[in-house]
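Here are my notes, set out as points you can check against the coordinates as you go. Have the viewer open while you read.

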Amino acid sequence: MILISVGNTRTLLARTQDGVHFDSTSVVTSLPPTEILQQPGLTWLSAPNREPVALGGVVPTVLAAWREALATAEVREPDPGFFRRAVPHDYHPPESLGFDRRCCLLAAAMDFPGHDSIVIDMGTAITIDLLAGGHFRGGRILPGIAMSLRGLHEGTALLPEVVLNTPPAEMLGNDTSSAIQAGVIHLFADALRGAITDYRQSSPQAQILITGGDAECWQPSIPGSFYQPHLLLRGFYLWIQGGVLP
Ligand SMILES: Nc1ncnc2c1ncn2[C@@H]1O[C@H](COP(=O)(O)OP(=O)(O)O)[C@@H](O)[C@H]1O
Ligand SMILES: CC(C)(COP(=O)(O)O)[C@@H](O)C(=O)NCCC(=O)O
Ligand SMILES: [K+]
């Protein structure tokens, strides 16, 4: 099966035989799908005798462009009804819960039955979701790391665009760049730790699963967390196996 997941920054293109191992690459979401399909390294996407293509994401206009570009392929889109049965929730309105959040929650629910999970997805935006007793209980949405750094630069005259070092940061910055490093790293480290502390008041045993473009370098600053690079793809695969729209 081929899986295409459209995030706000990057689109994941993956292929799997067993739903456990994913051969994946990513391209910037701003690139038109017709151009992506022509890239030399991605011929498997548009090869003849192709496999079914699962399509999902959080950018409606780009999803529409993918549907058009894949018009002759066997495209499968996930069925919200299956998600609701697999991960009951009170999100309102239910359809507004982001596709990427659903995939990660589904993977946590189906791969770790009987475990509560705090699912952290550090992408364009950061989401921190609680799955407890098999139900999605709600979560938090925060600006992402790159977006926050860009916001400081674009919203001011004197702040440069900074490339973040790997956390932890020093407590006190003594030049503009170090002060931004200290500010942004502590902002997110405190936000993540705070959410974990709060969520564990109701789910003391909850495990912490962390994924997304910024997850790998942040995982060490979240003690006890498990880096799950393919959590979204795993959930997407399980979702498509469980139910597709007619
Ligand atoms: N090669 C990369 N291109 C873009 N962003 C990257 C890359 N590697 C890491 N990142 C980080 O990943 C974050 C975006 O995460 P990603 O999972 O790609 O987003 P989304 O799923 O929202 O498209 C950004 O905050 C950025 O700092
Ligand atoms: C919160 C998100 C922007 C995260 O997207 P991402 O950073 O992975 O591109 C996305 O899940 C989304 O658009 N959600 C819809 C609103 C919601 O979940 O309530
Ligand atoms: K995200």
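The points below go from the domains to the ligand shells, then to single residues and one helix.

1. First, a caveat: what you are looking at is a predicted model. Please keep that in mind for everything below.

2. The protein chain splits into domain 1, covering 2-78, and domain 2, covering 113-231. Their centres, taken over C-alpha atoms, are 27 Å apart. Five residues of domain 1 and four residues of domain 2 make the contact. On the domain 1 side, the touching residues are one nonpolar, three polar and one charged.

3. Ligand 1 has these residues around it: Gly7, Asn8, Thr9, Arg10, Gly123, Thr124, Gly144, Ile145, Ala146, Gly212, Gly213 and Asp214. Sorted by class, that shell has two nonpolar, eight polar and two charged residues. Both domains take part, since domain 1 and domain 2 each give at least three residues to the shell around ligand 1.

4. Which residues come nearest to ligand 2? Out of 15 around this ligand, they are Asn8, Gly98, Gly123, Thr124 and Ala125. The class split for the ligand 2 shell is four nonpolar, eight polar and three charged. At least three residues come from domain 1 and at least three from domain 2. As for secondary structure, α5 (99-111) and β7 (125-132) each put at least two residues into the shell around ligand 2.

5. Now for the annotation. An unreviewed UniProt entry gives the feature "binding site" at Ser5, Val6, Gly7, Asn8, Thr9, Arg10, Thr11, Leu12 and Thr124. These positions are spread over 120 residues of sequence, yet they cluster in space, with a largest C-alpha distance of 13.7 Å. Several names recur from point 3: Gly7, Asn8, Thr9, Arg10 and Thr124 are among the residues around ligand 1.

6. Thr9 is worth a click. You'll find Thr9 in the loop between β1 (2-6) and β2 (10-15). Is Thr9 buried or partly exposed? Thr9 counts as partly exposed because it has 17 C-beta neighbours inside 10 Å, and a buried residue would need 20 or more. Setting aside neighbours within four places in sequence, Thr9 contacts Thr29, Gly123, Thr124 and Gly213.

7. Next door in the chain, Arg10 belongs to strand β2. Arg10 has 19 C-beta neighbours inside 10 Å, so it also counts as partly exposed. Leaving out residues up to four places away in sequence, Arg10 touches Ser26, Val27, Val28, Thr29 and Gly213. Gly213 is thus a contact of Thr9 and of Arg10, and Gly213 is itself one of the residues around ligand 1.

8. Asp121 also carries the "binding site" feature in the unreviewed UniProt entry. Asp121 sits in strand β6, residues 117-122. Why call this one buried? Because 30 other C-beta atoms lie within 10 Å of Asp121. Apart from residues up to four places away in sequence, the contacts of Asp121 are Asp100, Arg101, Cys104, Ile126, Thr127, Thr211 and Gly212.

9. Last, have a look at helix α9, residues 231-242. This twelve-residue helix reaches 16 Å from its first C-alpha to its last, close to the 16 Å expected at 1.5 Å a residue. α9 is mostly covered, with nine of its twelve residues buried. Among the buried ones are Leu231, Phe236, Tyr237 and Trp239, and the charged Arg234 is buried too.

Methods:
Residues are numbered from 1 along each chain as its sequence is written. Chains are lettered from A and ligands numbered from 1 in the order in which they are written. This is a predicted model: local features need pLDDT of at least 70, side-chain atom pairs count only at pLDDT 80 or more; totals for chains, interfaces and linings use all residues. Domain bounds come from an automatic or database domain assignment. Two residues are in contact if their C-beta atoms, placed from the backbone, lie within 7 Å. UniProt positions are given in the numbering used here, feature names are shortened, and annotations may be inferred rather than shown by experiment. Helices (H or I, at least four residues) and strands (E, at least two) are DSSP runs, numbered from the N terminus. The expected span of a helix is 1.5 Å times one less than its number of residues. A residue is near a molecule or strand if its C-beta atom, placed from the backbone, lies within 6 Å of it.
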